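User: I'm new to reading protein models. Please take me through a close look at the charged pairs in the structure below, and then show me what surrounds them.

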Amino acid sequence: MEEINNIDVVPCTESDYLKPFRVHYNQNGTKKSWDFMRTHDSVSVLIFNTTSHCFVLVKQFRPAVYMSEWERTKKQPPQSAEKTEEGATEATEPESQEGQSTSEPESSSQWPPASVGVTYELCAGLVDKPELSLEEIARQEVLEECGYDVPASKLKRITSYRSGVGVTGAMQTMFYAEVSDDNCVSAGGGEPREGELIEVVKIPLHEAMTFAYDERIPKTMGVIFSFIWFHNNMSPKYKISTNV
C-alpha cells in the first residue's frame, strides 16, 4: 500500500467525480462570488463485530491527504545546519564532483513518505447508483471493502450531515451495522477494477476512544463521531466500556 512512486501532478481538466464551478450572487445587497465543487453524496458505515467486540475500519492511501502534507512540509525552512567555530550557524552544502552540483531537483527529492497519506476511515462509498437505496449502497460497500454480508434491513441509520461545506457541501449518510464472524464471507479489500486498495483494520472496543483522540493516528471525523455515538447509544445497551 505504501509503495508510491512516479508521482506526477498535472491540471485536472475533466473528472467523473468532481466538477469546479464559480457562483455569483448578491447577499444583503453585497455582490459576492464563491468557488465550489460538485461531487457525489456518500454513505458511511460504522461496523461493530459482536464476536470479537471490535470496530471494523478501513485503511487506505489518500492522494489528497498526501499532497496536502507535501504542500505543508515543503514550506518549512530546512532543518540541517552546522555550528561554526565562532558559534554562528551556517547551512552545509553537499560537495560536488568536478564542479557539478549534487543537489536533486525539488520535484524528485522533496516527496514525503507515503505513510503520511494513509488514513483510517469508516467503510464508505459514493452514492452513484440511482437505482439503489442508500441502505443497499451501504450494504454493497460493507461487502466489497470489509467482506461482511449484511442484509440492508439490518443497517441502522445514525444520521446524515453536510461535509466539506466550504468546498462541496455534499451529503453523507452514516449507518451502523452489527456483524459477527459468521457474516464474514471474504477478506474484503475493495474493488480492484475501481482502483481500490484497502486494508481492513480492527480496533478493540476498549481502545476505541483512545484511538479516536490520538492525534498521531490520521483518521476522518466520521471515525471520531461514530465512536462517540456508539459510546453514548450502544455501550449502555451492551453494558460494555469504551475506555472513556
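Analyst: Searching the whole structure turns up six salt bridges. Keep in mind that this is a predicted model. Let's take three of those pairs slowly, then wander outwards.

Start with Asp35 and Arg22, which form a salt bridge whose closest N and O atoms are 2.5 Å apart. Asp35 sits in strand E2 and Arg22 in strand E1, so this pair ties together parts that are 13 residues apart in sequence. How covered up are the two partners? Asp35 is partly exposed, at 43% relative accessible area, while Arg22 counts as exposed, at 57%.

Next come Arg62 and Glu121, whose side chains meet in a salt bridge at 2.8 Å, N to O. This pair links distant parts of the chain, with Arg62 in the loop between E4 and helix H1 (63–74) and Glu121 in strand E7 (residues 118–121), 59 residues apart. Here the partners fall into separate classes: Arg62 is partly exposed, with 34% relative accessibility, but Glu121 is buried, because its relative accessible area is 7% and the cut-off for buried is under 20%.

The third pair is Arg216 with Asp214, where the closest N and O atoms are 3.0 Å apart. Arg216 is exposed, with a relative accessibility of 74%. Asp214 has a relative accessible area of 18%, so it lands in the buried class.

Now let's look around E1 and E2, where our opening pair lives. The loop between E1 and strand E2 (30–39) holds Asn28. This residue isn't a glycine, yet its phi is positive, near 50°. Why is that worth a second look? Most residues other than glycine have a negative phi. Asn28 is also exposed, at 80% relative accessibility. Asn6 is another case: this non-glycine has a positive phi of about 55°. You'll find Asn6 in the segment before strand E1 (18–27), and with a relative accessible area of 74% it is exposed.

There's something without charge on the surface as well. Tyr17, Leu18 and Leu126 make up a nonpolar surface patch, and together they have about 270 Å² of accessible area. Of these, Leu126 belongs to strand E8 (residues 123–126) and is partly exposed, at 31% relative accessibility.

Time to head inside. Strand E4 (residues 54–61) contains Leu57, which is buried with a relative accessible area of 0%. How far from Leu57 is Val223? In sequence they are 166 residues apart, but in space their C-alpha atoms are 8.4 Å apart. That's a handy reminder to check the 3D view as well as the sequence.

Another place to look inside is strand E10 (residues 170–179). Eight of its 10 residues are buried, so E10 is largely enclosed by the rest of the structure. What are its neighbours? Strand E3 (residues 42–49) runs parallel to E10 and is joined to it by eight bridges. Strand E9 (residues 156–163) pairs with E10 too, in the antiparallel sense, over seven bridges. Follow one residue, Thr173, to see both pairings: Val43 has Thr173 in E10 as its bridge partner, and Ser160 stands opposite Thr173 as well. E9 and E10 make a hairpin with six residues between them, and in that turn Gly164 has a positive phi of about 60°. When you look along a strand like this, it helps to know that side chains in a regular strand alternate between the two faces of the sheet.

Finally, compare all that with a helix. H3 (residues 134–146) has 13 residues and reaches 18 Å from its first C-alpha to its last, close to the 18 Å expected at 1.5 Å a residue. Its buried residues are Ile137, Ala138, Glu141, Val142, Glu145 and Cys146. Looking down the axis of H3, they fall within an arc of 140°, so they line one face of the helix.

If you want one pair to try on your own screen, go back to Arg62 and Glu121, which are 2.8 Å apart from N to O. Spin the view and see how the partly exposed Arg62 meets the buried Glu121.

Notes
Residues numbered from 1 in each chain as written. Predicted model: local features only at pLDDT ≥ 70, side-chain atom pairs only at ≥ 80, totals over all residues. Heavy atoms only, no water. Patch = residues over 30% accessible without salt bridge, like charges linked within 9 Å, V, L, I, M, F, W, Y side chains within 5 Å. Areas by Shrake-Rupley, 256 points an atom, 1.4 Å probe, with all protein chains shown as cover. Salt bridge = Lys/Arg side-chain N within 4 Å of Asp/Glu carboxyl O. Helix = DSSP H or I, 4+ residues; strand = E, 2+ residues; numbered from the N terminus. Buried < 20%, exposed > 50% of the residue type's maximum accessible area, 1.4 Å probe, protein only. Pairing = 2+ DSSP bridges. Expected span 1.5 Å × (residues − 1). Arc of directions from axis to C-beta.
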